[in-house]
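Biologist: I'd like to walk through this one with you, question by question. Can we start with the overall layout and then zoom in?

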Amino acid sequence: MQTDRAAYLVEHADRLRRADPLAFFRFSSTTQRDLVHYVSQDIEVWWRSGNEGGKSYASAMLAVAFARGVKDTSRGGRY
């Protein structure tokens, strides 16, 4: 019975995350936060970072935010 409940909760959380990816987004570094701030101010940036620097993750968040018309992305998912 507990396994069924846990599976349900995991599926529910996954559905929520897929329905609104910005709601659960959190910056993983101050560099990500700064980059998003600059881009949202129409400043061109070059993000030089090694593997696992969060480039794809933050860029995907930016694409979703811009597609939705969200201008203030400085707080991560708390828009």
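Biologist: What pattern does the protein chain follow when you read along the sequence?

Modeller: Keep in mind that this is a predicted model. The chain has three helices and zero strands. Read along the sequence, then, the pattern is α-α-α.

Biologist: And how much of the protein chain is buried?

Modeller: Let's begin with the outside: the accessible surface comes to about 6100 Å², and 53% of that belongs to carbon and sulfur atoms. As for the inside, the chain has 79 residues, and the buried share of them is 20%.

Biologist: Among contacts between residues at least 6 apart in sequence, what share joins residues at least 24 apart?

Modeller: Here we look at contacts in the protein chain and leave out pairs that are less than 6 apart in sequence. Of the contacts that remain, the share joining residues at least 24 apart is 60%.

Biologist: Now the helices. At roughly what angle do the axes of α2 and α3 cross?

Modeller: Two packed helices are described by the distance between their axes and the angle between them. For α2 and α3, the axes come within 11 Å. The crossing is right-handed, and its angle is roughly 35 degrees.

Biologist: How many residues of the contact of α2 with α3 are nonpolar?

Modeller: From α2 come Q32, L35, V36, V39 and S40, and they meet Y57, A58, M61, L62 and F66 in α3. Sort these residues by type and you get no charged ones, two polar ones, and a nonpolar count of eight.

Biologist: I'm curious about the rings too. Are the rings of F25 and F27 stacked or edge-to-face?

Modeller: The structure holds two aromatic pairs, so let's test this one: planes over 60 degrees apart count as edge-to-face. The ring centres of F25 and F27 are 5.0 Å apart, and their planes stand at 85 degrees. That angle is over the cut-off, so the pair is edge-to-face.

Biologist: Which parts of the chain does the pair of F25 and Y57 tie together?

Modeller: This pair is tilted, with 4.9 Å from centre to centre and 35 degrees between the planes. Ring pairs also link F25, F27 and Y57 into a cluster. F25 and Y57 sit in parts that are 32 residues apart in sequence, so the pair ties the loop between α1 and α2 to helix α3.

Biologist: Does Y57 count as buried or partly exposed?

Modeller: Take F25 for contrast: its relative accessible area is 3%, so it is buried. The cut-off for buried is under 20%, and exposed starts over 50%. Y57 has 45% relative accessibility, so it counts as partly exposed.

Biologist: What about W47: where is it found, and is it buried or exposed?

Modeller: W47 is found in the loop between α2 and α3. Leaving aside its neighbours within four places in sequence, its contacts include T31, Q32 and L35, along with G53 and A58. With 16% relative accessibility, which is under the 20% cut-off, W47 counts as buried.

Biologist: Last one: what is the relative accessibility of Q32?

Modeller: Q32 has its place in helix α2. Not counting residues up to four places away in sequence, Q32 touches F25, R26, F27, W47, G53, G54, Y57 and A58. Q32 counts as buried, and its relative accessibility is 0%.

Notes: Residues are numbered from 1 along each chain as its sequence is written. This is a predicted model: local features need pLDDT of at least 70, side-chain atom pairs count only at pLDDT 80 or more; totals for chains, interfaces and linings use all residues. Side-chain values use heavy atoms; hydrogens and water are left out. Rings of Phe, Tyr and Trp (its six-membered ring) pair if their centres lie within 6.5 Å; planes under 30 degrees apart count as stacked, over 60 as edge-to-face and the rest as tilted. Helices (H or I, at least four residues) and strands (E, at least two) are DSSP runs, numbered from the N terminus. Buried means under 20% relative accessible area, exposed over 50%, partly exposed in between (1.4 Å probe, protein chains only). Axes are lines fitted to C-alpha atoms, for helices over the stretch in contact, and angles run from 0 to 180 degrees between N-to-C directions. A crossing is left-handed if the near helix is turned anticlockwise from the far one by less than a right angle, and right-handed if clockwise. Contact means heavy atoms within 4.5 Å. Ala, Val, Leu, Ile, Met, Phe, Trp, Tyr, Cys and Pro count as nonpolar, Asp, Glu, Lys and Arg as charged, and the others, Gly among them, as polar. Accessible areas come from the Shrake-Rupley method with a 1.4 Å probe; for residues, only the protein chains shown count as cover.
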